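Please open the structure in your viewer and keep the selection tool at hand. We will move from one region to the next, selecting a few residues each time and looking at what is there.

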Amino acid sequence: MSTDLTTLVLPDGELVTEPPVLAEYRLNPYTQETAAEGQPIAVVFATSVADVQTTLQFATTHHIPVVTQGARTSIANGAAGLDGSILLNLSRLNHIVALQPENQTAVVEAGVLNGDLDQAARKVGYFYAPDPGSKPISTIGGNIATNAGGMASLKYGTTRENVLGLKVVLADGRLLELGGATFKNNASYDLTDLFIGSEGTLGVVVEATVRLRPIPFGDTVTGLATFADVHALTHAVQVLQASGVNPSMLEVLNRVSIEALDEYEGIDLGGRGEQALLIFQLDVAVAGALDLVDDLLRKAGAQTIDVTSDPARTATIIKIRQDIFAAGAQYGRLIVEDIAVPLGQLAIVADRAEAIAAKHGQRLLLLGHAGDGNLHPDIILESKDGALPAEMQAYIDELLPFVISVGGTVSAEHGIGTIKKKWVPQQLSPAVQTLQQQIKAVFDPTGILNPGRKF
Ligand SMILES: Cc1cc2nc3c(=O)[nH]c(=O)nc-3n(C[C@H](O)[C@H](O)[C@H](O)COP(=O)(O)OP(=O)(O)OC[C@H]3O[C@@H](n4cnc5c(N)ncnc54)[C@H](O)[C@@H]3O)c2cc1C
């Protein structure tokens, strides 16, 4: 029986049911792994909190699944359409409500782009630290729902460490105000934290109070160091992490990643056969820090070290790292993995990823936020369509249980969505999974919010 959508009357936003719009918005275009996208019945473009409340009350009454969307940059298929669902799109709920330098905070609607908030903050001497590779194109609401990370997580934490308060609409339409603008808050259980990373399964984030950081005083130094292999590089990462210089970035790229970037950007990062590249940054380089880093890197086996404090050159280096997704995707579909392991296991896991990829005949782009123990051991599927071939699936099926066996996680920052769901029971005990389901039932008793995703 089809639902009568004429009774869904939005106070401010737009309800769209035209097939071309549904066909566009049901997809998560950056999810490269094959995943089922269902047929939604409508897209709601919310422009007010009241739109969100009205939509959720309607959906609860009529038992309609709701998929909340930000900018649809999910690479875990977390915001793709489900059969019979309403796509609750928040990209038009996009006002910066307040910049509050006196509090070192900002209040933003969920659809504000991360990059837009950052630029606005910089005009008043601050910045917004979380910097996923999708910074210019993803929303703060989506970042919160996935607990997005990035290069700066090493020093400033993931999105979780930068959110102080939330306004959330529950499945029944109730508006909750959680947390606040204080850096510390121990009043009862921390429901703010519970919503961070909940991937649209517990409620809809409509507004957030986030932390702004003062722009660091003094020189920022960014560098490239090359190593004989990723194993040697991970050793250098541990040494730098232990040194007390407090780097703001420690990124790894293996030989295949370097080649992909050279080809994509028309540059020459790997012309001398470089096998492993470390991108490092000290956003506050105190006197003597650079000499120490140089010394430590050389002792750890760095073959070359190239350092700059020139803003334009720094921006170029950062852009190179940000472009790796597009660089990999130039060959076909980049099948992205997103593991994190305890720092002490990094070398072992990097070696094992290389070995498993070689065993199954895969070209491995091994890259990621090495300082966080977060690697993206990605592989390339040249065909544009179709399911993963058996040997690619075999690579994933061998890699992820190994990661779990050394105390790692199958999802560090991209979320579970549908793509990683099958691994959750291997990582979490039955007791923990049951508790997760009970928590979901408290917030979303009829199970309309992003059903079948996350666990
Ligand atoms: C080029 C590229 C680089 C990337 N780099 C990184 C990276 O470095 N680090 C990283 O962590 N991720 C990265 N990502 C993944 C992605 O950008 C992040 O997961 C991002 O946080 C998603 O934001 P979005 O606005 O696109 O959300 P969407 O993709 O629209 O949604 C993601 C999930 O959040 C839920 N959701 C969205 N908005 C809300 C809301 N307001 N309330 C409740 N639930 C909501 C959705 O239901 C879905 O489950 C990258 C993606 C691309 C395409």
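Begin by selecting residues 36-215, the stretch that an unreviewed UniProt entry annotates as "domain: FAD-binding PCMH-type". What you have open is a predicted model, and in it the chain over residues 36-215 is 22% helix and 26% strand, with the end C-alpha atoms 43 Å apart.

Next, select aspartate 283 and lysine 155, whose side chains meet in a salt bridge with an N to O distance of 2.6 Å. Lysine 155 lies in helix H5 (residues 153-156), while aspartate 283 lies in the loop between strand S14 (276-282) and helix H9 (289-299), so the pair ties together parts that are 128 residues apart in sequence. The structure holds 20 salt bridges.

Now turn to the packing of helices. Two packed helices are described by the angle between their axes and the distance between the axes.

Select helix H7 (residues 230-242) together with H9, and you will find that their axes come within 9 Å and cross at roughly 145°, in a crossing that is right-handed. To see the contact itself, show the side chains of Ala236, Val239 and Leu240 in H7 and of Val293, Leu296 and Leu297 in H9. How do the residues of this contact of H7 with H9 divide into nonpolar, polar and charged? There are 6 nonpolar, no polar and no charged residues.

Keep H7 on display and add helix H12 (residues 346-359), which packs against H7 at an angle of about 160°, with the axes 9 Å apart. H7 and H12 are therefore roughly antiparallel to each other, and their crossing is right-handed. On the H7 side, select Val230, His231 and Thr234, which meet Leu346, Ala347, Ala350, Asp351 and Glu354 in H12. The residues of this contact of H7 with H12 divide into 4 nonpolar, 2 polar and 2 charged.

Finally, keep H12 and add helix H13 (residues 390-405), where the packing angle is about 165° and the axes are 9 Å apart. H12 and H13 are therefore roughly antiparallel to each other, and H12 passes H13 in a right-handed crossing. Select Ile348, Val349, Arg352, Ala353, Ile356, Ala357 and Lys359 in H12, and you will see them meet Tyr395, Glu398, Leu399, Phe402 and Val403 in H13. The residues of the contact of H12 with H13 divide into 9 nonpolar, no polar and 3 charged.

Note on methods. Residues are numbered from 1 along each chain as its sequence is written. This is a predicted model: local features need pLDDT of at least 70, side-chain atom pairs count only at pLDDT 80 or more; totals for chains, interfaces and linings use all residues. Side-chain values use heavy atoms; hydrogens and water are left out. Axes are lines fitted to C-alpha atoms, for helices over the stretch in contact, and angles run from 0 to 180 degrees between N-to-C directions. Helices (H or I, at least four residues) and strands (E, at least two) are DSSP runs, numbered from the N terminus. Angles under 35 degrees count as roughly parallel, over 145 as roughly antiparallel, 65 to 115 as roughly perpendicular and the rest as oblique. A crossing is left-handed if the near helix is turned anticlockwise from the far one by less than a right angle, and right-handed if clockwise. Contact means heavy atoms within 4.5 Å. Ala, Val, Leu, Ile, Met, Phe, Trp, Tyr, Cys and Pro count as nonpolar, Asp, Glu, Lys and Arg as charged, and the others, Gly among them, as polar. UniProt positions are given in the numbering used here, feature names are shortened, and annotations may be inferred rather than shown by experiment. A salt bridge is a side-chain nitrogen of Lys or Arg within 4 Å of a carboxyl oxygen of Asp or Glu.
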